[in-house]
Amino acid sequence: MAKTQSNNAQKTPVADTAIYDARQLGTPKMLVLGLQHMFAMFGATVLVPILTGLDVSATLLFAGLGTLLFHLLTKGKVPAFLGSSFAFLGAYGTIAPMLEGDVPNTTMIPYACLGVACAGLVYVLLAALIKWLGAKRVMRFFPPIVTGPIIICIGMTLANSAINNCQENWWIALVAIVVVIVCNIWGKGMIKIVPILLGVLVSYVVAAVTGNVDFTLLKEAKWIGLPFVENNTVFHLIGKADAGLILTSILTIVPYSLATVVEHVGDMCAISSTVKRNYIADPGLHRSLLGDGLATTLASLFGAPANTTYGENTGVLALTKVYDPRVIRIAACFAVLFSFSPKFAALVRCMPAATIGGVSLILYGMISAVGVRNVVENQVDFTKSRNVIIAALIMSLTLGISFSSLGGIIFHIGEINIKLSGLAVAAIVGIVVNAILPGNDYEFGKNELGDKAVNFKV
């Protein structure tokens with residue numbers, strides 16, 4: 001096939017089969033490719049609101065709008081789709097845990113969303129620092145010896161909720177687990193790219209056939225409606241917010257951005273490697289971080305999950321060899337379109353708890369495994385006492401405080417009560433101790449495999 005390249009692309013050798021201008025394929029094929037990208041992100045993206053109690057329609061709406069905003073800020077150059085971030089699952093679970101019977105905690109969801117919105121602003125701050133100081137100097141404060149143990153602990157603190165859901169019906173949960181594993185290990189093409197979606201679909205169908213699904217919500221839902229719930233938005237707190245809960249939420253959730261920033265860098269490296277264009281340099285890491293951060297803040301303000309660049313869609317790029325960002329923008333428009341159907345969201349909401357448990361059992365364990373991978377592939381030297389001490393402090397503080405009787409450290413400022421989670425305390429301690437102790441030899445950009453090590457997608 002013929003291909004059209006920008007002047008920048010001509011500086012880098014690319015595969016002869018790669019298409020950078022999808023208009024050569026014609027409108028029908030572009031639309032099909034757009035649907036394929038939406039299909040790739042769908043399973044993982046809608047799983048997050050199911051696990052957290054956030055709104056499915058709002059999630060799809062701001063995945064689409066966030067992707068379009070990201071493309072605007074990156075000059076339309078980066079073929080990335082922004083979907084729901086798994087890294088913040090622990091944050092929502094800490095501030096707004098689901099109530100008995102998997103009922104969304106609508107009282108606390110706006111506080112959790114405010115904390116995530118502030119975490120998105122951390123991206124904006126880091127984007128400015130990277131533009132000013134350069135990526136190497138900034139990322140030196142977030143080496144794998146800090147981020148790896150933090151990621152390990154994120155997964156470990158979530159695992160019990162997966163078991164609780166699986167206990168609703170272990171056979172249905174087992175179907176989801178087996179399908180995800182089979183698709184991951186033996187799947188080819190699109191099957192290997194969307195194991196979560198297929199695991200959910202197969203387990204959901206089995207549950208429906210065996211009479212283990214209540215479709216009442218689906219019957220009552222309208223076909224067309226607004227894609228977000230006002231009670232879930234941050235704006236719902238205006239005039240009646242609790243200052244202590246606001247500070248607790250911000251201080252608890254912002255440290256999660258340490259993991260997601262590293263994930264963003266890894267995804268950008270992976271997309272650059274797939275497309276054979278250096279997006280870290282052009283349009284620049286500062287622009288992609290800015291786009292990701294603002295998309296996360298915007299989504300959170302309206303009660304949708306944090307966003308992140310999606311590895312599933314990078315897999316579709318590698319599969320199709322069509323790298324034109326226009327195709328991703330078409331997928332974003334499809335996501336926005338689907339968000340206006342409450343009937344569609346209700347179908348997702350009817351998913352049995354055991355199906356969710358089976359998929360999340362793998363997901364949460366995988367998050368911890370990603371932390372291990374981050375340490376291993378960056379070749380962190382544990383013969384050095386400084387590294388052992390940093391990892392030990394992070395893991396002991398996170399797990400010890402999280403599973404203590406209080407579940408956090410409580411302190412008072414005047415009449416305001418603030419509660420710090422174990423992860424928040426551990427992140428602060430880890431960053432400070434790493435900065436103080438001599439021997440920090442981490443250099444961002446030196447190990448390409450290590451830079452791509454953090455990816456929270458199954």
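**Exercise 1. Classify arginine 326 by its relative accessible area, then describe its salt bridge.**

Step 1. Arginine 326 has a relative accessible area of 28%. Buried means under 20%, exposed over 50%, and partly exposed in between, with a 1.4 Å probe and protein chains only. Arginine 326 is therefore partly exposed.

Step 2. The side chain of arginine 326 meets that of aspartate 324 in a salt bridge, 2.6 Å from N to O. A salt bridge here is a side-chain nitrogen of Lys or Arg within 4 Å of a carboxyl oxygen of Asp or Glu.

Step 3. Aspartate 324 has 2% relative accessibility, so it counts as buried.

A note on the source: this is a predicted model, where local features need pLDDT of at least 70, side-chain atom pairs count only at pLDDT 80 or more, and totals for chains, interfaces and linings use all residues. Residues are numbered from 1 along each chain as its sequence is written, and side-chain values use heavy atoms, with hydrogens and water left out.

**Exercise 2. Find which parts the salt bridge between aspartate 282 and lysine 77 ties together.**

Step 1. The closest N and O atoms of aspartate 282 and lysine 77 are 2.9 Å apart.

Step 2. Aspartate 282 sits in helix α13 (residues 280–301), and lysine 77 in the loop between α2 (56–73) and β1 (82–84), so the pair links parts 205 residues apart in sequence. Helices (H or I, at least four residues) and strands (E, at least two) are DSSP runs, numbered from the N terminus.

Step 3. Aspartate 282 is partly exposed at 22%. Lysine 77 is partly exposed at 31%.

**Exercise 3. Place the salt bridge of arginine 373 with glutamate 377.**

Step 1. The closest N and O atoms of this pair are 3.2 Å apart.

Step 2. Both residues lie in helix α17 (residues 353–377), 4 residues apart, about one turn of the helix.

Step 3. Arginine 373 is partly exposed, at 33% relative accessible area. The whole structure holds 5 salt bridges.

**Exercise 4. Describe the surroundings of leucine 423.**

Step 1. Leucine 423 belongs to helix α19 (residues 422–436).

Step 2. Its relative accessibility is 4%, so leucine 423 counts as buried.

Step 3. Leaving out residues up to four places away in sequence, leucine 423 touches Ile150, Cys153, Ile154, Pro255, Tyr256 and Thr398. Contact means heavy atoms within 4.5 Å.

**Exercise 5. Set these sites in the whole chain.**

Step 1. The chain has 20 helices and 4 strands.

Step 2. Of its 458 residues, 55% are buried.

Step 3. Among contacts with a separation of 6 or more, 83% join residues 24 or more positions apart.
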